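Please open the structure in a viewer and keep the sequence at hand. The tour below proposes a series of selections and states what may be found at each.

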Amino acid sequence: MNQYTEDAIGYLVYACGRLCSIGRRLRRQKSTGAILVLRAEAIGDMVVTTPFLRELRRNYPERHITLVCSPQVYNLVELCPYVDEILTYRKQFSRHKYITNLKQAFFFARKYLQQRNYEMAIVPAYASPDAYAEAWLGFFAGVRKRIGYAENVDEHKHEYYRGSIDVYFTDILYSDGVVHEAEASLNILRYLHCPVQDESLEVWTDAQDAKAVDKLFHMRGIHDEKIKIALNLSTSNHTKDWPVENYAAVCRQLQEKYPVEILLIGAGKDAEAYRDMFYGAGLKAADFVDKTTLRQTIEVLRRSDLYLGGDTGPMHLAAACDLSGAAIYKTAKNVSREVHDPAKTFAPWHSAMTILQPENALPGCENGCTLGYAHCIKQITVKQVLAAMEEQMKRQRFFHKK
C-alpha cells in the first residue's frame with residue numbers, strides 16, 4: 001500500500017466515523033471528566049513523558065486518568081502514582097501495519113475505552129512517526145476533545161500523511177522550531193492553561209526491586225569503592241550502534257588507568273550478541289544483560305556512577321537517575337532536517353551527560369543516517385569518547401588513579 005492510498009483511507013475513515021455511530025457518540029456523550037493519555041511507544045518515549053504525567057495529576061487532582069502504554073514499558077509505569085488506570089496497547093509494525101493498526105485501534109477503543117466517556121484525550125508525542133495509532137484510539141473512543149501535535153512539526157511525517165492524521169484531533173499544536181519531546185508534552189499543559197512547576201524526569205521502583213539488585217550485586221562481587229560505569233552496547237536500531245570494539249577500547253583504557261567496574265545492561269538478542277563480543281575482546285564486566293526487569297535496571301543505574309552508551313531507553317533511565325557520562329548519537333550535527341536529530345528532540349533531559357555526534361553526515365545521510373550498522377556513527381572516535389568519560393570523572397570527583 002502506498003502513501004496516497006493510506007492518506008485516502010485515513011480521510012475516508014474519519015468521514016465515515018463522523019457520519020455513523022462515532023459521530024453520534026461525539027455529539028451526545030456526557031463527559032465524566034476523565035482524561036485519556038495515549039503513549040503506546042518505547043522506553044525512552046515514556047521516560048520523557050513522566051514530567052507531563054506528574055504535572056497533569058497536579059493540575060487535575062480529582063480526575064480519573066487512564067494511561068495507554070505499550071506492553072514493553074508496563075513494568076516501568078506500573079508503580080506510577082499519577083495515573084488511576086494503565087492499559088497496554090501493542091502497535092503493529094508488519095508490512096501492512098497501517099490497515100492492521102487501524103482495525104486494531106477501532107476494536108481496542110470499542111472494548112476498553114468507549115465506556116469511560118473521557119473528557120479529553122492527549123497524545124503527548126511530538127515527532128514520533130507512528131503517532132497515528134494514538135490519534136485513532138482517541139477518535140474511536142468517542143472523546144470530544146482530542147489534543148495532539150500537527151504532522152508538520154516533522155517535515156517527513158507531513159509529506160507522507162498529508163493531514164490524514166491531523167483530522168483526528170480537535171486541538172492541534174504547532175511548533176516554531178525543534179522542541180525536545182519532554183518539553184513538547186509539557187507545552188500541551190501550558191496550552192490548557194495549566195502551570196508547570198517541575199520539569200524533572202521521574203521513575204519508580206519498590207523495595208523488592210532494590211532487594212533483587214542488592215542480591216545481584218552481591219553475587220557478582222561488585223565493590224562500592226570502585227567507579228561503576230553502566231554500559232549499554234545496543235540500541236533499538238543497528239544504525240544507532242557504535243562498534244562494540246570501540247566500546248571495548250574505551251573501557252580497556254579506563255580500567256587500565258582507574259578503579260573502574262563495568263556493569264553491562266540491556267536486553268534482547270543484540271544486547272546478548274554484543275555482550276559476547278565485548279567479553280571476546282578480553283574485557284571484564286558484571287553481566288546484567290537480560291537479567292533485570294526495567295525497574296531493576298533503574299536500581300542498577302541508581303547504584304552506578306556514570307553511563308556510557310547510545311541513544312536508547314536506558315540512556316533516558318540513566319538521565320532520570322541523575323547520572324552523568326557520555327551518550328553517543330548517530331545523526332551528524334549538520335543534518336538538513338533538525339527534527340530528525342535525536343540529539344535535539346531526544347537528548348538526555350536536564351542531564352549533565354556529554355552528547356557526542358559525528359560532525360558531518362556521510363553522502364546519502366544528509367537527512368539522517370539510515371545505512372546500517374556503524375555508518376555515520378563510526379566517525380566518533382575512541383579518543384573522543386575516552387576524553388568525554390575522563391572529563392565526566394573529573395567533574396564528579398571520581399578521578400582517582402590506581
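**The whole chain**

Begin with the entire chain in a ribbon view, where 16 helices and 12 strands may be traced. The model is a predicted one. Of the 402 residues of the chain, 57% count as buried. Next, display the surface: the accessible surface of the chain comes to about 17300 Å², and carbon and sulfur atoms account for 50% of that area. If contacts are drawn between residues at least 6 apart in sequence, 74% of them join residues at least 24 apart.

**Strand β1 and its partners**

Select residues 35-39, which form strand β1; 5 of its 5 residues are buried. Turn the strand to inspect its two faces. On one side are Ile 35, Val 37 and Arg 39, on the other Leu 36 and Leu 38, and all of these are buried, so that both faces of β1 are covered.

Now add residues 65-69, strand β2, which runs parallel to β1 and is joined to it by 5 bridges. Within this pair, Arg 39 stands opposite Cys 69 of β2.

Then add residues 120-122, strand β4, which pairs with β1 in the parallel sense over 3 bridges. Here the bridge partner of Ile 35 is Met 120 in β4.

**An enclosed space**

How many cavities of 30 Å³ or more are counted? The count comes to 2. For the second largest cavity, with a volume of about 30 Å³, select the lining: Leu 38, Ala 121, Val 123, Glu 134, Ala 135, Gly 138, Arg 146, Ile 147, Tyr 168 and Phe 169. Leu 38 was met above on a face of β1.

Colouring this lining by class gives 7 nonpolar, 1 polar and 2 charged residues. Helix α7 (132-140) and strand β5 (145-149) each supply at least two of the lining residues, and α7 gives the most, with 3 residues.

**A stop on helix α6**

Select residues 97-113, helix α6, and find Lys 111 within it. Is Lys 111 buried or exposed? Lys 111 has a relative accessible area of 57%, and is therefore exposed. With a distance tool, Lys 111 may be compared with Ala 141: the two are 30 residues apart in sequence, and their C-alpha atoms are 9.2 Å apart in space.

**The sheet of six strands**

Move to the open sheet of 6 strands, whose order is β9-β8-β7-β10-β11-β12, with parallel pairing. Strands β9 (286-287) and β12 (354-356) stand at the edges; each has a single partner strand, so one side of each is left without a neighbour in the sheet.

At the β12 edge, select residues 324-328 for strand β11, which runs parallel to β12 and is joined to it by 3 bridges. Ile 328 stands opposite Leu 356 in β12.

**The second largest pocket**

The final stop is the second largest pocket, which holds about 240 Å³ of space. It is lined by 15 residues, and the closest to its centre are Lys 226, Gln 255, Val 260, Lys 284 and Ala 285. Which strand provides the largest share of the lining? Strand β8 (residues 260-265) does, with 3 residues. Coloured by class, the lining of this pocket shows 7 nonpolar, 3 polar and 5 charged residues. Strand β8 also belongs to the open sheet just visited, where it is placed between β9 and β7.

Notes: Residues numbered from 1 in each chain as written. Predicted model: local features only at pLDDT ≥ 70, side-chain atom pairs only at ≥ 80, totals over all residues. Heavy atoms only, no water. 1 Å grid on protein atoms, 1.4 Å probe; cavity = no way out; pocket = protein on both sides within 12 Å on 5 of 7 lines; lining within 4 Å. Points joined across faces, edges and corners; volume = space filled by probe spheres on them. Helix = DSSP H or I, 4+ residues; strand = E, 2+ residues; numbered from the N terminus. Nonpolar A, V, L, I, M, F, W, Y, C, P; charged D, E, K, R; others polar. Buried < 20%, exposed > 50% of the residue type's maximum accessible area, 1.4 Å probe, protein only. Contact = heavy atoms within 4.5 Å. Areas by Shrake-Rupley, 256 points an atom, 1.4 Å probe, with all protein chains shown as cover. Pairing = 2+ DSSP bridges.
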